[in-house]
Amino acid sequence: MKITELNLEKFSLKNIAIQFSQATAEEMRILSEKIYRVGSKVQFDQQSLLAFFNIYQLENLIENWKNQDLEKIFNRHKIIWAGKNFSFDLTLNPIVYSIVNVTPDSFYDGAKEHLTLPYILKRAENDLANGASVLELGGKSSRPGYSDITPEQEWQRLEVALKELRKQFPKAIIAIDTDEPYVMTRVLDAGADIINDIDGFETAEKLKVLENYHPAVVAMNNGRAGFAHAENVYEELPQFFAKKQEELIRLGLKNEQICIDAGVGFFNGDSGRDSVERVKSTELLTPLGLPIMVAISRKSFMKNVFGYDGDERLLSTLMLEAQMIADGGRVLRVHDVLETKRMIDAFKIYQKF
C-alpha cells in the first residue's frame, strides 16, 4: 500500500489529507476497519481511498497500526512553542496560560488588591497548582475604552511582582502583556520569558527589542486599526499573520517562538459579530504552522451573542474554547485555570474513543 499526504505546502491539526492507494483487497479491508470511525473519507475504487484526519485521529491510527509513513506525516504537523527556558509540545496537549492582572481596572476581575504583592503571589501559587503552564502579568488594562497610563507607571506596577515571582517560583514561565517597548525591555532584563503585544509588534521600536532579545512572543491582530490586507476578518487574519511571521523570522525569531492571537473582543461593536468571526478564524490560521492562542475568557461579546453576563460567561467560554481546540488552538489564555484544565483533560480523553 502506498500512503501519501496531500496539501504538503500547509499545516493542519484538523484536516490532514492522506491518500491510501495501490492497496490489495486484504490491505483495504484492514484499513477500512482501522479508520471506520473517521467520517471524512472517500473510497475512489477497490485500491484507493482518501481520508481526512484530525491530529488526534491520526495519533490513534498510529497507535493501532505502526507505520513509518504515518509517523512522518504526524511529525510534520507537530506544533512546538519554545523560548530560552521552556519548550511546550502543543501538538496533542493544549496548555493553560493564566491571566494575573496587576491592575485595578481589568474588564472582568479588576480590583485594587491586584496591585498588592500578597494577592499576586497567592494567585500565582494557586494557578500553578491548578495546572497553569504560563503566568501572564498585565500592568495595564486593554479593554475597550481603557484609561492609558505611562510606560513608567506600567513598569512600576510590574517590577516588584515580576522580580518576586521569579524569586518565589524560579521554574515558572512568565509572560508580560504590554504594548510598550520601554516596558518590554525592562521586563526582559528582569527575567520575563514571553512578551504578549496586543498590537502585534507594529512599530520599529518594538521590533528592535525583539531583534535584540529574541524572546518568545504572542502577536495579536486586534482590529482596532482597521484592516490593512483585506476587507473581512477571514481574509485579513491569515494574510496579516503570514506577513508578521515573515517579519519576525527576518529578525531572527524561529517559528516555534511565535504564537499568534486573533484578537477576540477588542472591537467594541454591539453585535459581537467581529469577535465570533475571530473565534472561527482559528482553523484558517493553522496552515501557518504556528502556535495559536485562544484568548476569549469571559469577554463581553458573549453577552451580545449568547445573552450571558458575569459568571454565566464561564459556560460559553469553555464551550468556545473546546471548539477552538478542535480547530487547532493550543494556548488557552484564561481567568479560570482549574475549570479550563479540567475541560482540556476531558477533551483529550474524549479523543481516545
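**A buried arginine, two sheet regions and their aromatic contacts**

Arg298 is buried, with a relative accessible area of 4%, where buried means under 20% relative accessible area, exposed over 50% and partly exposed in between (1.4 Å probe, protein chains only). This arginine is found in the loop between β13 (292-294) and α11 (301-306); helices (H or I, at least four residues) and strands (E, at least two) are DSSP runs, numbered from the N terminus. Although Arg298 is not a glycine, its phi is positive, at about 55 degrees. The model is a predicted one, in which local features need pLDDT of at least 70 and side-chain atom pairs count only at pLDDT 80 or more, while totals for chains, interfaces and linings use all residues. Residues are numbered from 1 along each chain as its sequence is written, and side-chain values use heavy atoms, with hydrogens and water left out.

A positive phi also occurs at Asn7, another residue that is not a glycine, with a value of about 60 degrees. Asn7 belongs to the loop between β1 and β2 and is partly exposed, its relative accessible area being 43%.

The strands on either side of that loop belong to an open sheet. Four strands make up this sheet in the order β1-β2-β4-β3, with antiparallel pairing; two strands pair if DSSP finds at least two bridges between them. β1 (2-5) and β3 (41-45) stand at the edges with a single partner strand each, so one side of each has no neighbour in the sheet. From one strand to the next, the twist averages 15 degrees. β1 and strand β2 (residues 16-21) run antiparallel and are joined by four bridges, and Lys2 stands opposite Ser21 in β2.

Two helices pack on this sheet. Helix α2 (residues 55-64) touches β2 and β4 (48-53), and its direction makes about 125 degrees with that of β4. Contact here means heavy atoms within 4.5 Å, and axes are lines fitted to C-alpha atoms, for helices over the stretch in contact, with angles running from 0 to 180 degrees between N-to-C directions. Helix α3 (residues 68-76) packs on the sheet by touching β1 and β2, with its direction at about 10 degrees to that of β1.

What about the aromatic side chains? Rings of Phe, Tyr and Trp (its six-membered ring) pair if their centres lie within 6.5 Å; planes under 30 degrees apart count as stacked, over 60 as edge-to-face and the rest as tilted. By this rule there are seven aromatic pairs. One of them is formed by Phe20 and Phe53, which meet edge-to-face at 6.4 Å centre to centre, with 70 degrees between the planes. Phe20 lies in strand β2 and Phe53 in strand β4, so this pair ties together parts that are 33 residues apart in sequence. Phe20 is buried at a relative accessible area of 0%, and Phe53, at 0% relative accessibility, counts as buried. Elsewhere, ring pairs link Trp81, Phe86, Phe88 and Tyr97 into a cluster. A ring also meets a charge: the charged end of Arg76 sits over the ring of Phe11, 5.0 Å from its centre (the criterion is NZ of Lys or CZ of Arg within 6 Å of the ring centre and within 35 degrees of the ring normal).

Further along the chain, strand β11 (residues 216-220) has five of its five residues buried, so this strand is largely enclosed by the rest of the structure. Ala216, Val218 and Met220 point one way from β11, and Val217 and Ala219 the other way. Strand β10 (residues 194-197) pairs with β11 in the parallel sense over four bridges, with Ile195 opposite Val217. From β10 the chain crosses through helix α7 (residues 204-213) to β11, and this β-α-β crossover is right-handed; the term applies if, with the strands pointing away from the viewer, the path from the first strand over the helix to the second runs clockwise. β11 also runs parallel to strand β12 (residues 258-261), again joined by four bridges, and Val217 stands opposite Ile258 there. β11, helix α8 (residues 233-250) and β12 make a right-handed β-α-β unit.

Val264 is found in the loop between β12 and α9 (273-280) and is buried, with a relative accessible area of 2%. Not counting residues up to four places away in sequence, Val264 touches Ser275, Arg278, Val279, Ala295, Ile296, Lys299 and Phe301.
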